[in-house]
Amino acid sequence: MAAEQFSPTLPPSLADSARRDAAGPASSVGQIGLLLSGGGARAAYQVGVLEAVAEIRRDHGLRNGPNPFPILTGTSAGAINAAALACHSDNFDYAVRQMVQVWRNMHTDQIYRADSLSVLRSGAHWLTLLSLGWAVARWSRLRPRSLLDNRPLKALLHGELMPLERLPALIDSGHLHALAVTASSYSSSQHITFFQTRECLSPWVRDQRKALQTRLTLKHLLASSALPFIFPAMALPMDGHIEYFGDGSMRQTAPLAPPIHLGARKLLVVGAGRRYEAPDPKPPPSASYPTLAQVAGHALSSIFLDTLAVDIERAERINHTLSLISPAERIRSHLRPIELLAITPSEPIDQIAAGHIDCLPLPIRTLLGTLGVRSGSGDGALASYLLFEKSYTRELMALGRRDALGRSEEIASFFGWTKPPAGTA
């Protein structure tokens with residue numbers, strides 16, 4: 001993948017926020033933001049990238065210091081990774097080690113219930129109601145709300161990995177400027193960014209999306225990571241009433257907006273899908289009718305992967321256009337430059353996932369098999385979001401680490417890191 005370091009002005013979806021100094025407090029000018037996108041189990045790739053960033057940082061003489069990202073934003077599983085960094089923003093190396101430990105030893109039953117009884121209670125029952133018609137639900141005492149039960153995830157997030165109670169002190173001490181996570185309201189159809197920072201900021205409001213300053217909790221993380229249809233929605237208070245939220249990647253038209261609104265002037269973006277697909281020199285064989293798994297995988301990819309690439313491409317186009325006008329005209333436009341470094345997988349994750357389907361517990365394989373997910377089929381799109389198994393997450397982490405280390409010079413330049421003179425500690 002070609003290098004992508006540029007200084008774009010904001011795309012149309014973000015330009016409105018750039019027209020006012022209120023988009024970020026004066027003290028935040030020049031701060032670096034980190035944006036972690038969604039993607040379920042694909043988020044293991046992000047941890048590999050962060051592991052490489054920590055290694056590059058140590059190579060430049062910076063050890064056990066605070067988090068280099070004062071502004072942390074994430075969506076879905078990326079929100080969980082961003083929150084894990086934020087909770088230990090006083091020691092970046094420690095935070096990354098904790099994340100690596102969790103993702104390297106991941107098991108499906110840490111994220112959702114994978115035993116036969118639980119699958120029958122949720123997924124199989126849900127599919128039965130779907131196939132027989134929802135009218136039969138009136139005679140059923142059990143109305144499953146999702147394909148899978150993700151209550152184990154809540155238990156995983158408790159404890160040392162996600163001590164959200166540390167955030168106020170870390171923000172007050174200057175280790176962290178802001179943390180933001182996004183979720184999508186099934187109740188109001190609005191895309192909401194929940195953020196926590198010290199300054200009292202005026203929340204931004206745009207068409208079908210807005211921000212809310214609040215104290216973040218595990219419920220916000222569970223809401224942001226509630227994969228549509230797959231995990232249940234989460235109830236959250238909004239303006240004195242309750243709304244139900246699902247994965248923040250849904251209806252996310254401007255992924256770059258939250259960190260910029262919070263004051264980021266440099267932004268590292270770690271995605272969960274390849275930005276550019278090389279054209280296949282051979283024509284594809286005649287396709288058979290798509291399975292439900294293929295349709296679902298395609299739909300999830302459009303939710304999790306496409307909008308981020310589109311937002312970055314829009315920024316590139318506008319940056320190129322504005323580079324053709326005079327500096328004086330650019331000043332009058334009131335648009336601020338954003339230095340952006342995007343790191344995305346150099347290999348197709350769908351294909352990687354296809355080789356690990358057999359690692360899923362038998363009840364999950366059986367359930368997904370009803371949708372057309374088969375080992376050896378070559379189509380791992382849907383499974384790529386649900387494969388919380390260490391063989392798969394370790395391979396994605398290794399890929400993320402390789403991709404980032406391959407761009408060590410770009411990353412060091414982005415942060416302004418220089419290696420210490422030879423012979424110094």
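Helices, counted as H or I runs of at least four residues, and strands, counted as E runs of at least two, are DSSP runs numbered from the N terminus. On that basis, the secondary structure of this protein comes to 16 helices and 11 strands. The model is predicted. Of its 425 residues, 55% are buried. Among contacts between residues at least 6 apart in sequence, 80% join residues at least 24 apart.

**Annotated active site**

- The UniProt annotation "active site", taken from an unreviewed entry, covers Ser76 and Asp247. Although these positions are spread over 172 residues of sequence, they cluster in space, with a largest C-alpha distance of 5.7 Å. Of these residues, the lining of the largest cavity includes Ser76.
- The side chains of aspartate 247 and serine 76 are joined by a polar contact of 2.6 Å.
- Serine 76 is located in the loop between β3 (71-75) and α3 (77-87). Because its relative accessible area is 1%, serine 76 is classed as buried.
- Beyond its neighbours within four places in sequence, serine 76 is in contact with three glycines, Gly38, Gly39 and Gly40. The other contacts of serine 76 on this basis are Ser224, Ser225, Leu227, Asp247, Ser249 and Phe304.
- Aspartate 247 belongs to strand β9. Its relative accessible area is 0%, and aspartate 247 is therefore buried.
- With neighbours within four places in sequence left aside, the contacts of aspartate 247 include Thr75, Ser76, Ser184 and Phe304. Also in contact with aspartate 247 are Ala223, Ser224, Ser225, Ala226, Leu227 and Pro228.
- Ser224, Ser225, Leu227 and Phe304 appear among the contacts of both serine 76 and aspartate 247.

**Glutamate 243 in strand β9**

- Glutamate 243 lies in strand β9, which spans residues 241-247.
- Glutamate 243 is buried yet has no salt bridge. The nearest side chain of opposite charge, that of lysine 210, is 6.1 Å away, whereas a salt bridge requires a side-chain nitrogen of Lys or Arg within 4 Å of a carboxyl oxygen of Asp or Glu.
- A polar contact of 2.8 Å links the side chain of glutamate 243 to that of histidine 241.
- Not counting residues up to four places away in sequence, glutamate 243 touches Ser185, Ser187 and Ser188, together with Met234, Ala235, Leu236 and Met238.

**Positive phi outside glycine**

- Most residues other than glycine have a negative phi.
- Glutamine 208, which is not a glycine, has a positive phi of about 65°. Its position is in the loop between β6 (205-206) and β7 (209-213). Glutamine 208 counts as partly exposed because its relative accessibility is 41%.
- Phenylalanine 229 likewise has a positive phi, near 70°, in a residue other than glycine. Phenylalanine 229 is found in the loop between α8 (218-224) and β8 (234-238). With a relative accessible area of 62%, phenylalanine 229 is therefore exposed.

**Isoleucine 312 in helix α10**

- Isoleucine 312 lies in helix α10, which covers residues 292-322. Its relative accessibility is 1%, so isoleucine 312 counts as buried.
- Isoleucine 312 and valine 269 are separated by 43 residues in sequence and by 9.5 Å in space, C-alpha to C-alpha.

Key. Residues are numbered from 1 along each chain as its sequence is written. Side-chain values use heavy atoms; hydrogens and water are left out. Buried means under 20% relative accessible area, exposed over 50%, partly exposed in between (1.4 Å probe, protein chains only). Lys and Arg count as positive and Asp and Glu as negative; His and the chain ends are not counted. A polar contact is a pair of N or O atoms within 3.5 Å; within protein, one must be able to donate a hydrogen and the other to accept it, and residues adjacent in sequence count only if both atoms are side-chain atoms. Contact means heavy atoms within 4.5 Å. UniProt positions are given in the numbering used here, feature names are shortened, and annotations may be inferred rather than shown by experiment. On a 1 Å grid over the protein atoms alone, a cavity is a set of points where a 1.4 Å probe fits but cannot get out, and a pocket is an open set with protein on both sides within 12 Å along at least five of seven lines; lining residues have an atom within 4 Å of a point.
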